[in-house]
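Student: I should like to go through this structure and ask how each description of it is justified. Could we start with the terms used for surface exposure?

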Amino acid sequence: MKLLYNFFIWLTEKVGLPIAGLFSGKLKKFTSGRKGLFQQIASTELSKHQVIWFHAASLGEYEQGLPIMEAVKERYPNYKLLVTFFSPSGYEVKKNNSIADFVFYLPLDTPKNAQKFIEAIHPKIAFFIKYEIWPNYLKVLQQKKIPALLISGLFREQQIYFKGYGRFLFKALQSFLHLFVQNEASLKVLQQHQIENASVSGDTRFDRVQLQLQKDNRLPIIEQFTQKKLTVVFGSTWPEGENFISAYINSAENEAKYIIAPHQIKAEKIDALQQKIQKKCIRYSEIEEQNLSTYDVLIIDNVGLLSKIYSYASIAYVGGALGNTGLHNILEPAVFGMPIMIGNHFEKFPEAKTLQELGGLTAISDSVEFKKELDKLIENETYRTQKGDICRNFILENTGATQKVINYLSEEKLL
């Protein structure tokens with residue numbers, strides 16, 4: 001299996017991605033962004049510094065690791081932070097806007113790339129976030145006696161690591177000095193497979209969103225639009241959810257304000273969404289000197305504002321789980337103490353399962369359920385407040401993962 005894995009990664013790097021890049025802009029960036037990477041690293045004189053390495057798949061994992069990056073940078077200022085990304089969607093956003101001192105793509109996980117990359121950066125310690133478990137990189141780190149830690153890991157018995165044909169990937173898990181996992185279920189799975197160097201830290205995303213409360217979340221444009229009226233924010237939406245949203249808004253007789261922040265902000269996608277909405281609607285990019293108070297719907301057609309926009313919401317719908325794209329971040333609205341609605345495909349998101357069991361989150365499967373729940377949340381203040389309080393308390397009760405990791409670094413004298 002290991003030979004097949006290495007051959008597949010090599011074939012993907014040399015043949016698959018260059019061909020796919022001819023038809024996909026994202027995959028073209030994936031390939032072109034890695035060209036000349038080792039020359040780029042050499043030009044930074046990174047080898048002259050003591051380096052702490054964080055690796056994230058994409059932007060979501062970066063945000064998950066950010067509280068630890070911030071804590072490490074504050075506690076160990078003599079080290080330089082290096083962040084690598086697997087995906088263009090993370091790298092393109094953070095290459096010039098990161099807490100890190102250096103930001104690179106991670107070369108694909110071939111034995112040659114792993115050896116060359118780690119020799120080039122020579123980190124004091126490596127952090128891998130959530131699902132980023134690359135066998136060849138971990139093997140080289142282990143050979144060079146460089147400690148590797150997994151943070152905010154999630155494990156299920158059905159994963160390939162625990163199957164007979166995935167034994168070489170299981171060995172990669174054994175390469176970690178320590179695995180910090182999000183919940184007891186993950187720890188139990190590891191322990192059942194004789195991995196004892198693991199502990200429950202919780203999810204660092206709780207720490208990340210809790211920090212949002214300490215920031216200045218004011219957005220004058222949003223204030224002009226909402227006019228302190230009850231506001232529903234539909235965050236990270238996809239077309240399947242936008243069908244429910246537009247139908248609801250068009251038939252709504254309440255005086256609520258509606259903000260829609262689509263996950264995809266391509267012009268044609270925004271055009272299609274705006275055409276579905278019959279009430280007075282404006283895009284964020286079109287505002288200029290408009291009297292925003294006269295509009296019912298505001299479409300956010302840029303990135304980077306959603307976490308602040310949630311602070312103006314009374315109710316949040318978070319997209320992704322009506323289809324198969326994956327649920328987006330429900331913790332960002334939860335920290336502001338509001339009830340949350342999502343689609344009903346969220347099996348791989350333990351925070352959503354828990355919040356549903358507690359009563360702060362409602363999962364819907366069709367437009368009838370969508371309308372029924374949103375009507376109740378808008379019309380029943382007591383119901384809305386109770387569910388919002390559950391969400392706020394859920395965040396407060398689950399912070400602290402970052403400190404557990406920092407304590408471990410100190411106790412084990414790893415830095």
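Tutor: A residue counts as exposed when its relative accessible area is over 50%, as buried when that area is under 20%, and as partly exposed in between. The model before us is predicted.

Student: Why is lysine 413 called exposed?

Tutor: The relative accessible area of lysine 413 is 71%, and the cut-off for exposed is over 50%, so lysine 413 is exposed. This residue is found in the segment after helix 19 (401–411). Its phi is near 50 degrees, a positive value in a residue other than glycine.

Student: What makes a positive phi worth noting?

Tutor: Most residues other than glycine have a negative phi. Lysine 228 also has a positive value, with phi near 60 degrees. Lysine 228 belongs to the loop between helix 11 (220–226) and strand 8, and its relative accessibility of 85% makes it exposed.

Student: Why is lysine 116 described as partly exposed?

Tutor: Lysine 116, in helix 6, has a relative accessible area of 43%. That value lies between the 20% and 50% limits, so the residue is partly exposed. From lysine 116 to leucine 305 the C-alpha to C-alpha distance is 38 Å, with their positions 189 residues apart in sequence.

Student: How do you know that the chain is as compact as a globular protein of its length?

Tutor: The radius of gyration is 23 Å, and the globule rule gives 22 Å for 415 residues; the two values are close, so the chain is as compact as a globular protein of that length. The C-alpha trace spans about 65 × 45 × 45 Å along its principal axes. The secondary structure comes to 19 helices and 14 strands, and 53% of the 415 residues count as buried.

Student: What makes phenylalanine 155 and tyrosine 161 an edge-to-face pair?

Tutor: A search of the whole structure finds 24 aromatic pairs, and this is one of them. The ring centres are 6.0 Å apart, within the limit of 6.5 Å. The planes are 70 degrees apart; an angle over 60 counts as edge-to-face, so the name applies. Both residues are buried.

Student: Why is the pair of phenylalanine 234 and phenylalanine 370 called stacked?

Tutor: Here the centres are 6.4 Å apart and the planes 25 degrees apart. The angle is under 30 degrees, so the pair counts as stacked. Phenylalanine 234 lies in strand 8 (residues 231–237) and phenylalanine 370 in helix 17 (residues 367–379), so their contact ties together parts that are 136 residues apart in sequence. Phenylalanine 234 is buried at a relative accessible area of 0%, as is phenylalanine 370 at 1%. Ring pairs link both residues into a cluster with Phe244, Tyr248, Tyr258 and Tyr317.

Student: How do you know that lysine 376 has its charged end over the ring of tyrosine 383?

Tutor: The charged end is 4.2 Å from the ring centre, within the 6 Å limit, and it sits over the ring. Likewise, the charged end of lysine 257 sits over the ring of phenylalanine 225, at 4.8 Å from its centre.

Student: What makes up the lining of the second largest pocket?

Tutor: This pocket has a volume of about 420 Å³. Its 19 lining residues include Glu13, Lys14, Arg34, Phe38 and Asn113, the closest to its centre. The lining divides into eight nonpolar, five polar and six charged residues. Helix 1 supplies the largest share, five residues.

Definitions and conventions: Residues numbered from 1 in each chain as written. Predicted model: local features only at pLDDT ≥ 70, side-chain atom pairs only at ≥ 80, totals over all residues. Heavy atoms only, no water. Buried < 20%, exposed > 50% of the residue type's maximum accessible area, 1.4 Å probe, protein only. Helix = DSSP H or I, 4+ residues; strand = E, 2+ residues; numbered from the N terminus. Lys NZ or Arg CZ within 6 Å of the ring centre and 35° of its normal. 1 Å grid on protein atoms, 1.4 Å probe; cavity = no way out; pocket = protein on both sides within 12 Å on 5 of 7 lines; lining within 4 Å. Points joined across faces, edges and corners; volume = space filled by probe spheres on them. Nonpolar A, V, L, I, M, F, W, Y, C, P; charged D, E, K, R; others polar. Rg over C-alpha atoms; globule rule 2.2 N^0.38 Å.
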